[in-house]
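Trainee: Got a minute to go through a structure with me? I'd like to take it piece by piece.

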Amino acid sequence: MGFGGLMQLGCRELRYDLLTWIVANYDIGYHRVCMQTNVAVPITPQDVREVLGIPDQGVDIVIHNRRATPNCTYNIKVLEDKLHDLPIGDEFMKCFLIFACATILAPNSKQEGMHDLWDTIWDSDVGVRINWAKFLLQYLEDGIRDYRNTHPTYIRGCLLFLQLFYMTKFYLMSFKVEVRSPLCAAWTDEHIKCRLAAEIQTYGNYGHVQVLEQSNPHVRNDARPCEAGSSHSDDPTETIEARLIRNLEHLISLASSVAQDIATLRSRSSGGQRGCALTPPDEAVNVDINKEEGSTNVHPFSDQLMGKGSGSATTRSGQQRATNAAADDGPSTEQEPCPPSTEGAEFHSPKGVQIGVEEGHGSKLVKSTPRRRFKHTTKRLVKPAAICPFVSQCVRQFPKISHEERMVADYALSEGGDPSEILCHMHGTYITRDELSSLNGGRWVNSMIIGVVCRMLNVEQERPPRAHYFDPSFSVVLASLTTKAKKHEIRDRCRMFLDAEYVGHDFSSCELLFFPVCDNNHWHVHVLNIPSSRVEILSSLPLRRGNGISVVSRRLSETIGKAFHAHGMLRRVEVSKFEHVQPQLVQQQNGFDCGMFAIKYMQHWNGATLAQAIAEDKMHLYRLRLVVTLVMNPANNARDTVMKACRL
């Protein structure tokens, strides 16, 4: 069958931030990934075979749309049970193929998978060789195309292949992975996490790594080749030596050029009476000091750069420091050559290059000539590297993030911390590190996060409150109520969300009521604007069906009205008769930021428009600062513990 490579698959997790970048930069028309380095890397069925180890030769599979009753009824659970019980044979192979397509090669959002494909496999002959690599690539590209056109909450197809392709076809410096066949066998979840963390730490984003040249190595060294013709199969010792020699020659050339500039400046300051001619790099280079200059005014180059000197030539003023050294490619000034000195700085190199300093001679008194002094007045502060890749990416993308914000977010989102540690405990609920990790880039926001944000908004608004923010679990309770539910049943199930003794204040006089809703894996906000008799649906994706609002939204409004009337609230208000509108708001460009958009909508919606603009390209910054807001909130009982751990 040729599917043995799937049995060696070592990766089980998808990195959503990486996949989001790949999908955004994938050129469907030319079947390639466009890197940030202006390099387009093609993806072919051969790459699919090398990465996953599935066949890339044979006939194309043709999926038949069955209209009649299928020959076999199954789902993923049934297939899994059959694979344990069936003997090796045609039926087992068909079940294995169907199971592999439903879970790895061609998954979709349904547990039942794609039944037309399953029926096609079941009706076909297992002896016929099929080009599964080509099918996987086409199905994945169709899923990306549908995602861009209709913006669903998922991307159908083998996203795992895109992730492993990025890992196996590009290299990063100082990272080694043993090459196996197929390539996916070498990459575990831990390897991928470390590699991506190093990439974000180095470049700040994805797409800057280099393409790996194919050379049949046994061990893949993710280091940049030294020469244009070198490959990963070169001897590592020779490669390092060649690189060191090249860098050393460049340093020697730079030192010679700087010494030449020093000699030229000194000859000009002394009237051009005496100077020094510099020899090529393979000979001794001598720098002469004017006899009328004091030994205490020796330029700091001799002992600062070379780190060697003796006698009075090593003494210098603390203010005489050169801040920059630039290589001068122009011709050297013709000067009278100086005899070599036995004292001075000496640089040992493969070519024996020396830079000497000659002291003054004669019986005359040494006179100090006025010289220009350079004062070192600036100090560069280098922040320590962040542990969390997401925080490191944010710091590079948004330099105005403060040191305190970086430290707190780094500690809270660290994958190496205790997942059960409580980082936010306020307003009668708490959030663990595992729950707070949903604010990492590329992840769906947890309902616990939105619930705590709602409680925080209720407490922090001015009194009397103008708005009330319900817990997201209230919309779940409302959606579970049937149309025939009795009044006492509605009252019992909604009491904890509507009674003032549970809520903490009476919101019957509020003008805006916010209901965060998660429907079909998408967060949006259902807002009751009571003064305007309007239901405003704030969503980062269109929820309309044709020319009207969806049935789910209208039914939710009816249930809200019933719950209020059952508790004797808003008796004169008929929520079911409110006008339903969906304002035109900034929209999301991916499949996971809907939760952050819902939070920003609740924070800034005033009943007519957004009081503060929301930028789609700043979602990472919003996520990081929400982490800091929750953890560093004065009402957080765990705040002191976190600050102590962060040494703030």
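Trainee: What is the strand order in the open sheet of three strands?

Mentor: Keep in mind that this is a predicted model. The order is β1-β2-β3, and the pairing is antiparallel.

Trainee: Which strands stand at the edges?

Mentor: β1 (26–27) and β3 (40–42). Each has a single partner strand, so one side of each is left without a neighbour in the sheet.

Trainee: How many bridges join β2 and β3?

Mentor: Three, with β2 covering residues 32–34. In that pairing, C34 stands opposite A40 of β3.

Trainee: Switching to cysteines. How many disulfides are there?

Mentor: Zero.

Trainee: Why no bond for C158?

Mentor: Its closest cysteine sulfur is in C184, 9.8 Å away, and that is too far for a bond. A disulfide needs the sulfurs within 2.5 Å. C158 is buried, at 1% relative accessible area.

Trainee: And C594, what is the distance to its closest cysteine sulfur?

Mentor: 6.8 Å, to C518, so again too far for a bond. C594 is buried too, with a relative accessible area of 2%.

Trainee: Now helices. At what angle do α14 and α19 cross?

Mentor: Roughly 10 degrees, with the axes coming within 11 Å. That makes α14 roughly parallel to α19. Helix α14 spans residues 447–460, and α19 spans 594–604.

Trainee: Which residues meet there?

Mentor: From α14, I449, I450, V453, C454 and L457. From α19, G595, I599, M602 and Q603.

Trainee: How do they divide into nonpolar, polar and charged?

Mentor: Seven nonpolar, two polar, no charged.

Key. Residues numbered from 1 in each chain as written. Predicted model: local features only at pLDDT ≥ 70, side-chain atom pairs only at ≥ 80, totals over all residues. Heavy atoms only, no water. Axes fitted to C-alpha atoms, helices over the stretch in contact; angles between N-to-C directions. Helix = DSSP H or I, 4+ residues; strand = E, 2+ residues; numbered from the N terminus. Parallel < 35°, antiparallel > 145°, perpendicular 65-115°, else oblique. Contact = heavy atoms within 4.5 Å. Nonpolar A, V, L, I, M, F, W, Y, C, P; charged D, E, K, R; others polar. Buried < 20%, exposed > 50% of the residue type's maximum accessible area, 1.4 Å probe, protein only. Pairing = 2+ DSSP bridges.
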